[in-house]
Amino acid sequence: MSAKVITSEKGKTLLLVDEYKYRQKKILKSGEIFWTCTVNKCNGKIFSFGPEHSITRKEAIHNHETDIKKVNRQIISVACKRKATTDVTERPSKIIHSALRAIPGSIDHQPRNENTNIRNT
């Protein structure tokens, strides 16, 4: 099971597993990291271990569907914001297009109005 570390819009570390986002809740005495689903009323939780976040246990009973488009939009938005703060001379359209190219297939699958939503976040 692969876990991908992403950054939230507020700069917190999130874990992406099976297209569900998890936030870090606490670190247990055993060294495991306890993660809960980012949807407040969801009971999905996982446990990971080590800096590579290998999943040790999964109690993922979600009461909602995943929205991979929303996750991709968040990844692109965070990448654009990070790039815009570090390179203030870069044109915004160039920053957005380079972030879109970083995710495979995102330019082909995003409708035109979705790209403008990224610009407005």
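The paragraphs below lead through a predicted model, from its sheet to its cores and helices. Local features are taken only where pLDDT is at least 70 and side-chain atom pairs only at pLDDT 80 or more, whereas totals for chains, interfaces and linings use all residues. Residues are numbered from 1 along each chain as its sequence is written, and side-chain values rest on heavy atoms, with hydrogens and water left out.

The sheet is a convenient place to begin. Six strands (DSSP runs of E, at least two residues, numbered from the N terminus) form an open sheet in the order β1-β2-β3-β4-β5-β6, with antiparallel pairing; two strands count as paired if DSSP finds at least two bridges between them. At the edges stand β1 (3-7) and β6 (54-59), each with a single partner strand, so one side of each has no neighbour in the sheet. Direction ignored, neighbouring strands are turned by 35° against each other on average, where axes are lines fitted to C-alpha atoms, for helices over the stretch in contact, and angles run from 0 to 180 degrees between N-to-C directions. Within the sheet, β2 and β3 pair in the antiparallel sense over four bridges, and Leu14 stands opposite Arg23 in β3.

Strand β4 can be followed through Thr36, which lies in it. Thr36 is buried, with a relative accessible area of 15% (buried means under 20%, exposed over 50%, partly exposed in between, with a 1.4 Å probe and protein chains only). Its C-alpha atom is separated by 5.1 Å from that of Tyr22, 14 residues apart along the chain. Leaving aside neighbours within four places in sequence, Thr36 is in contact (heavy atoms within 4.5 Å) with residues including Lys21, Tyr22, Gly44 and Lys45.

The largest nonpolar core (buried Ala, Val, Leu, Ile, Met, Phe, Trp, Tyr and Cys residues joined through side-chain atoms within 4.5 Å) has 10 residues in all, among them Leu15, Tyr22, Ile33, Trp35 and Ile46. At least two residues of this core come from each of β2 (13-17), β3 (20-27) and β4 (33-37), and β4 supplies the largest share, three residues. A second, separate core of six residues includes Ile76, Cys80, Ile95 and Ile96.

Turning to the helices (DSSP runs of H or I, at least four residues), α1 (residues 68-86) lies across β1, β2 and β3 and runs at about 50° to β1. In α2 (residues 92-102), Ile95, Ile96, Ala99 and Leu100 are buried. Seen down the axis of α2, these buried residues fall within an arc of 130° and therefore line one face of the helix, the arc being that of the directions from the helix axis to the C-beta atoms.
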